[in-house]
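Here are a few exercises to try with the model open beside you. Have a go at each task before reading its solution.

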Amino acid sequence: MKLDFGAINSTALAQLPTLLELWLPGGRVEGAEYTALNPTRSDSRPGSFKVNVDSGVWSDFATEDGGSDPVSLYAYLNGLKQSEAAQRLAEALRVDSQDSAYPQPKSRKKREEWTPVVPVPDDAPPPEYRHYKHGFPVQVWEYRSEAGELLGAVCRFEPEGQSKQILPYTFCRGPKKAEWRWKGWNVPRPLYGLDRLAASPGGKVLVVEGEKAADAAQIIAGSKLVVITWPGGSKAVDKADWTALKGRTVCVWPDNDVPGFKAALAIADKGREAGFEVSGIVQPSPEWEAGADLADFPHWTQPELFREIRERKADIASFKDIAKARFDIETGPRQGQNRQHESFPFSIRPDGVYFLAEDKDGGIRAEWVCSPLNVIAQTRNEAGDNWGRLLELVDLDGRRKRWAMPMSMAAGNGDTYRSHLLGLGVRIASGQRGRNRFHDYITQAPTEGRALCVERTGWHSGRFVLPSLTIGPDNGEEVVYQGIPEEDLFKTSGTLDEWRDEIGRLCVGNSRFAFAVSIAFAGPLLSLVHAESGGFHFVGGSSAGKTTLAEVAGSVCGGGGLHGFLRQWRTTDNALEGQVMAHNDALLVLDEINQAAPKAIHASAYMLANGQGKGRANKSGQNRKLYQWRIVFISTGEEGLADYLLRDKIKMNAGQGVRMPDIPADAGQGMKSLEHLHRFRDGAALSEHFKTASKKLYGTPFRAYLEAVTHRKEEAASFARARMDAFKAEALSADADSQVTRVCGRFALVSAAGELATYYGILPWEPGEASRAARKCFDAWVAQRGGVTSQELKDGLSQIRSFIQAHGASRFEDADADHDQRIINRVGFKRKVYGQTRYHIYPDQFRREVCEGRDLTQALTYLRERGVLLCDEGKLQKTVRQGGQTQKLFVFTDAILTETRGNTGNKGNTPDMLEEKVLPMDPSAQVTQVTGQPNSHDCYPCYPSGSPTGNSEKACDYKGVTSVTRVTSEKRQTKDETALQFSEGAAPDGEEQNTFPHEVEI
């Protein structure tokens, strides 16, 4: 017999108020209507779901679901068929459902047919958005097509004293007329945001639930993402037209409740049907309010939104396990679980990963494999190589961590990656079976996510990658650091304000410390301004403050290691290359150069600045990929680079001095590296404070700096270039050598970095402080170097001068001597010409013993231009007749023995003293002898305000020539002419002819 629906509905209707309190607890009666939350969907506020307590008619305005009697309501709430609902309700109400004489209830009068017209015709009247009962909406969301045509709208009402109402509003055509009506679209319904999709072809898509959340997320994401939603809420996913997303990559952000999670999984299923890829589903935090969506986080910034997406996104399979664990959501019948077991026999639960083993009775037994660990993406580099897995784990303290594991580590027995994961806090089942299952899970876990892996820190795809963090705007695919860094020193401790107060402010007025801190900010600018890599070597005696300078600079970027952010020079080539790769585009601090052998330092100084590692072959003989980098580094030592290399009799090349210039750690104020004590009683107290603070407060300035630079790259680059140009224009003199110019460019980079950090409010300094500190350090380098002339020139002059000084009395035959001489290893001869000693060196001995493999052409040319090297026209040698034969010799005047000093690099200082020592062109030329002491303001080491050591009473110790011969004749020699050449037998009046019997100069 058929069920007596009339009897069942009549009995239920008589008890409906009581039944509604049981079925829909927490509701309230408003007139003849009972209003409650709809438990079948994400419904945070009552208002849309209403039941008439007199007639039993019910409806949900948000989803357009509805019915006319209690049986249909009971079926809707419990997911039952009408007959099943009637049978259960009859049993509960004890109604004789078979023999009742009640007739079947009449169905509701069929509504007049109205069909929405999409898009809205051009001749349609404008929508009025005024509801006959609720009045005007507080918010209207207009749905538009890809071409921008109006499709309809969804309106939000907040009637006084009532809950919100969300109603669709469309232009409909009826039997007799067309008008705007409070009616939803026909299935399939359009998506909200189709016009946004069309404006960003190929762009990444974020799907959220609800128009309010979509608009809020779009404001935060800007142009980096397209945010869309669908009409009707969580129960209406199947009613939307998802084909508009075909070919797109989509991430889903569900509401934080059961209906939201179910809707997200339903969208993932739609992706397979409609042809779009769901890259992952965001896991809302269990700590968030129930039902929370993106509209509840209006304070988030774009970086915060993208960081939440990256850190919370899970692949579909993992999200299903999360949904099961949090809300006990079944994603399919038990047969589906068996199929999962057959293809991938693992389940992720709140307490870890389980292996689903089949017992002897055919059931499924879960066996624990490891603590919580998700495989959230597959990684590979830009060339499609070096594949790996991006793992997310929870350590023993409940902290969430990430690690990009290269799949190459899974080769062999896998001890390498297991060892690292154990160190990160993962617990793994013991025994061979446990290890094998863990290996299978890591290597076989299905994941649809993709991430770009990199093997060095620094700039990648517009973002800055650190070993444990990627900073910058989400421009598409996630970028992660892959591998095991030797030691991640880019950690943080304390707050940025604490660092500013305890370290940053105390650097003001202390040029060495302000400069060291500015160096720490320079690395990220290398790529932006196309600057070359290089470093700075702080030089000073024991306890001069070198290591303290390095520790303070390192505190900008990180710390936490045994020596804070510092690393040691004592290491192998391979280890050093690994360290540099972990500090690419950032700061590397190498303490105590004396710990490494001079030969190793000689090679490392070039390698670091050249940005490329050593070439090596693999086991098959093929070349391995070369490591490449950009870096700014700080070195410390008790000796300068040149002096330290001389320990092993290695002569420093000029290029090494350019790549790693020496800076005196002593600031010259009698307080070692300090100049201003601030609130401290003495330098020792301030230095100790710096050491202590840098071990407690570190890392926050660099991260704040990266957050600013990564989101304002063009501004940062423009700012830096302008400051660099200004610094070089002020610091460089017109006669500065190209080597000095290169080094000045690095000082300018550091100056710009410090000023940029000040501009961003990271450094608590006044504008100009970083530039003043950089200028002081640059001037100190120039002064210690001995001027702004070329280092090759200075070294060449020193080499020639040192040779003649060392051997002038023993290996040069004296042509004026009137007795026999015993000369061992003769290199040439010397003679006097009108009181001037000239040294003649044979070409072979000059190249072999004086040059010692160094090209001295630049030094010889310099000496020729100044008349110190006597030579034939346009040549570097002089033709000399000896014993009836002529030969070419190198002929130097005794002016070569005068120690030359360049200027200090400041504009306006006097040039090299050799430029003023000019020989007359003709013996008859009239000369004026000028004598006197050099101006103490124009010589090094004297300064207008005192000596570099701070002792203003120190006397000038300049040992150069104090007598300068100036030519007054019209036959004055120019720089392009050679010095006076005397012919045999010719001598000025009043002078005795002085010739060597066996040679005559031509």
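**Exercise 1. Work out how strands E29 and E30 pair, then place them in their sheet.**

Keep in mind that this is a predicted model.

Step 1. Start with the pair itself: E29 (residues 587-591) lines up with E30 (residues 632-637) in the parallel sense, and four bridges link them. For one specific contact point, take Val589, whose bridge partner in E30 is Ile634.

Step 2. Now look at what lies on the sheet. Helix H16 (residues 546-557) packs there, touching E29, E30 and strand E27 (534-539). Its direction makes about 155 degrees with that of E29. Helix H24 (residues 738-759) also packs on the sheet, this time touching E27 and E31, and its direction makes about 90 degrees with that of E27.

Step 3. Zoom out to get the full order. The open sheet has five strands, arranged E28-E29-E30-E27-E31, with parallel pairing. At the edges sit E28 (567-568) and E31 (662-664), each pairing on one side only.

**Exercise 2. Describe how helices H23 and H24 pack, and say why they count as oblique.**

Step 1. Get the geometry: the axes of H23 (residues 713-731) and H24 come within 8 Å, crossing at roughly 130 degrees.

Step 2. Classify the angle. Over 145 degrees would be roughly antiparallel and 65 to 115 roughly perpendicular; the helices cross at roughly 130 degrees, so H23 and H24 are oblique to each other.

Step 3. Add the handedness: H23 passes H24 in a right-handed crossing.

Step 4. Pick out who meets whom. The H23 side includes Phe719, Met724 and Phe727, while the H24 side includes Phe747, Leu749 and Tyr759.

**Exercise 3. Which way do the side chains of strand E26 point, and what does E26 pair with?**

Step 1. Split the residues of E26 (residues 478-481) by direction: Glu478 and Val480 point one way, Val479 and Tyr481 the other, and all are buried.

Step 2. Find the neighbour. E22 (residues 450-454) runs parallel to E26, and four bridges join the two. Among the bridge partners, Leu452 goes with Val479 in E26.

**Exercise 4. Sort the residues of helix H27 into a buried side and an exposed face.**

Step 1. List the buried residues in H27 (residues 843-851): Pro843, Gln845, Phe846, Val850 and Cys851. They cover an arc of only 155 degrees around the axis, so they lie on the same side of H27.

Step 2. Turn to the face directed away from that buried side, where you'll find Asp844 and Arg848 exposed.

Step 3. Check the exit: just after H27, Glu852 has a positive phi of about 50 degrees.

How values were computed. Residues numbered from 1 in each chain as written. Predicted model: local features only at pLDDT ≥ 70, side-chain atom pairs only at ≥ 80, totals over all residues. Heavy atoms only, no water. Buried < 20%, exposed > 50% of the residue type's maximum accessible area, 1.4 Å probe, protein only. Arc of directions from axis to C-beta. Pairing = 2+ DSSP bridges. Contact = heavy atoms within 4.5 Å. Axes fitted to C-alpha atoms, helices over the stretch in contact; angles between N-to-C directions. Parallel < 35°, antiparallel > 145°, perpendicular 65-115°, else oblique. Left-handed = near helix turned anticlockwise from the far one by under 90°.
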